[in-house]
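Reader: I am new to this structure and would like to go through it slowly. Could you show it to me before I begin to ask?

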Amino acid sequence: MSGNDSALRFRELGVDVYLGAGKFTGKDTVEVAGKTLRFRRAAVTTGARAAKPEIPGLADVGYLTNETVFNLTELPRRLAVVGAGPIGCELAQALARFGSEAYLLGKPPALLPREDAKASELVKQAMVQDGVKLFLGVGVVRAEINGMDKVLHLADGREVRADAILVGVGRTPNVAGLGLEAAGVNYDPKKGIHVDDRLRTSNPRIFSAGDVCSRYQFTHAADAMARIVVQNALFYGGAKASNLIIPWCTYTEPEVAHVGLYEHEAKEKGVQVDVFTQEMRHVDRAILDGDTEGFVKILVHKGTDRIVGATIVARHAGEMISELTAVMVAKGGLRTLGQTIHPYPTQAEALRKVADAYSR
């Protein structure tokens, strides 16, 4: 992977590479490594970094993030994870399986609060079975060092003592120090660079893609947005970010994958839907694998087979969601799934079973 992203590879491809901190100095100029470069088009793709929670004393206590945790050379005996979203759940479960005594703390009353409620509950059950101790629905008000312990004080009076603290409370866009003001690029320190549907900034010469400007903070989403920028910036294309159908997956076990609308979103937007659900415990391959905890839920426009959203909870949910995404991109529906022959036995048979339920 490092080879693919190396400066050497890009130079061999004919790209002029300048190493250093780049900064806009005008609406069509950028300075890097002591040189001023003039451009007709530019793209800001500086990504995001781990967000810092506003917990008094935490900076003095010290903490890990999803970036620095991989620098550990020893397993923490006790690990407190702040944040019950995808990052917190993934790392708390993984470290618990390695042998840490893991504590997961979240202010919302449920894990993965943005996901389907049933999916959240299944992940919660799996985490508890793996030995993760949950502290949900309560915030952290203070952190301190007490002897050899790192102590987190909770709003309800309880405290959590650990050898290491890991923070996973989201991402902050990297917008500082880029000279965006000089370039006439509007941005928000917390939400990132403002772009239109074609990923143009307030300076029509400058585009942006990835975590620095998007609420979809995923590698594959950044790749899709970069393709739009290339098309629109270099070839005067009309590609729109709103046309992207972006799936995502939380890599707990079981995995939770989603694409399109949730039920509550459909209700909020006034989109009438029919909902079809298939439990994994009725799928032969899932039974053989012992992975019966999970489900496939597909939302279609009411009275039609047109798919508008789906959630999958299963060991291989991240693989299965792509088939539904492809059908949505092709503006297909459950009839297409029902006419698609799946190898037997596979867990993807659950998708065909949903289509059969629609046909019935």
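Reader: Which element gives the largest share of the lining of the second largest pocket?

Author: This is a predicted model, in which local features need pLDDT of at least 70 and side-chain atom pairs count only at pLDDT 80 or more, while totals for chains, interfaces and linings use all residues. Residues are numbered from 1 along each chain as its sequence is written, and side-chain values use heavy atoms, with hydrogens and water left out. A pocket is an open set of points on a 1 Å grid over the protein atoms alone, where a 1.4 Å probe fits and protein lies on both sides within 12 Å along at least five of seven lines; lining residues have an atom within 4 Å of a point. Among helices (H or I, at least four residues) and strands (E, at least two), which are DSSP runs numbered from the N terminus, the largest share of this lining, three residues, comes from β4.

Reader: What is the volume of the second largest pocket, and which residues are the closest to its centre?

Author: A volume here is the space filled by probe spheres set on grid points that are joined across faces, edges and corners, and for the second largest pocket the volume is about 1100 Å³. The elements that give two or more residues to its lining are α1 (7–12), β1 (23–26), β2, β3 and β4 (42–44). Of the 25 lining residues, the closest to the centre are Asp-16, Tyr-18, Val-30, Ala-43 and Thr-45.

Reader: Which element gives the largest share of the largest nonpolar core?

Author: A nonpolar core is a set of buried Ala, Val, Leu, Ile, Met, Phe, Trp, Tyr and Cys residues joined through side-chain atoms within 4.5 Å, where buried means under 20% relative accessible area, exposed over 50% and partly exposed in between (1.4 Å probe, protein chains only). The largest such core has 27 residues, and those with the most contacts inside it include Val-296, Ile-298 and Leu-324. Two or more residues each come from β18 (255–260), β20 (295–301), β21 (307–314), α9 (317–329), α10 (334–338) and α11 (349–359). The largest share, six residues, is given by α9.

Reader: Which residues does Glu-349 touch, leaving out those up to four places away in sequence?

Author: Glu-349 has its place in helix α11, and it counts as buried because its relative accessibility is 7%. With contact taken as heavy atoms within 4.5 Å, and with residues up to four places away in sequence not counted, Glu-349 touches Val-283, Asp-284 and Tyr-344.

Reader: Where does Pro-345 lie, and what is the omega of the peptide bond from Tyr-344 to Pro-345?

Author: Pro-345 is placed in the loop between α10 and α11. The bond that leads to Pro-345 from Tyr-344 is cis, and its omega is near -5°.

Reader: Which residue is joined to Pro-254 by a cis peptide bond?

Author: Pro-254 is found in the loop between β17 (248–250) and β18. With omega at about 5°, the cis peptide bond joins Pro-254 to Glu-253.

Reader: Is Lys-331 buried or exposed?

Author: Lys-331 lies in the loop between α9 and α10, and it has a positive phi of about 55° although it is not a glycine. Because its relative accessible area is 61%, Lys-331 is exposed.

Reader: How many residues apart are Phe-276 and Tyr-358 in sequence?

Author: Rings of Phe, Tyr and Trp (its six-membered ring) pair if their centres lie within 6.5 Å, and planes under 30 degrees apart count as stacked, over 60 as edge-to-face and the rest as tilted; by this rule there are five aromatic pairs. One of them, Tyr-103 with Phe-135, is edge-to-face, at 6.4 Å centre to centre and 65° between the planes. Phe-276 and Tyr-358 also form an edge-to-face pair, at 5.8 Å and 80°. Phe-276 lies in strand β19 (residues 273–279) and Tyr-358 in helix α11, so the parts that this pair ties together are apart in sequence by 82 residues.

Reader: Over which ring does the charged end of Lys-118 sit?

Author: A charge sits over a ring if NZ of Lys or CZ of Arg is within 6 Å of the ring centre and within 35 degrees of the ring normal. Arg-9 lies over the face of Phe-10, at 5.6 Å from the ring centre. For Lys-118, the charged end is 4.9 Å from the centre of the ring over which it sits, that of Phe-295.
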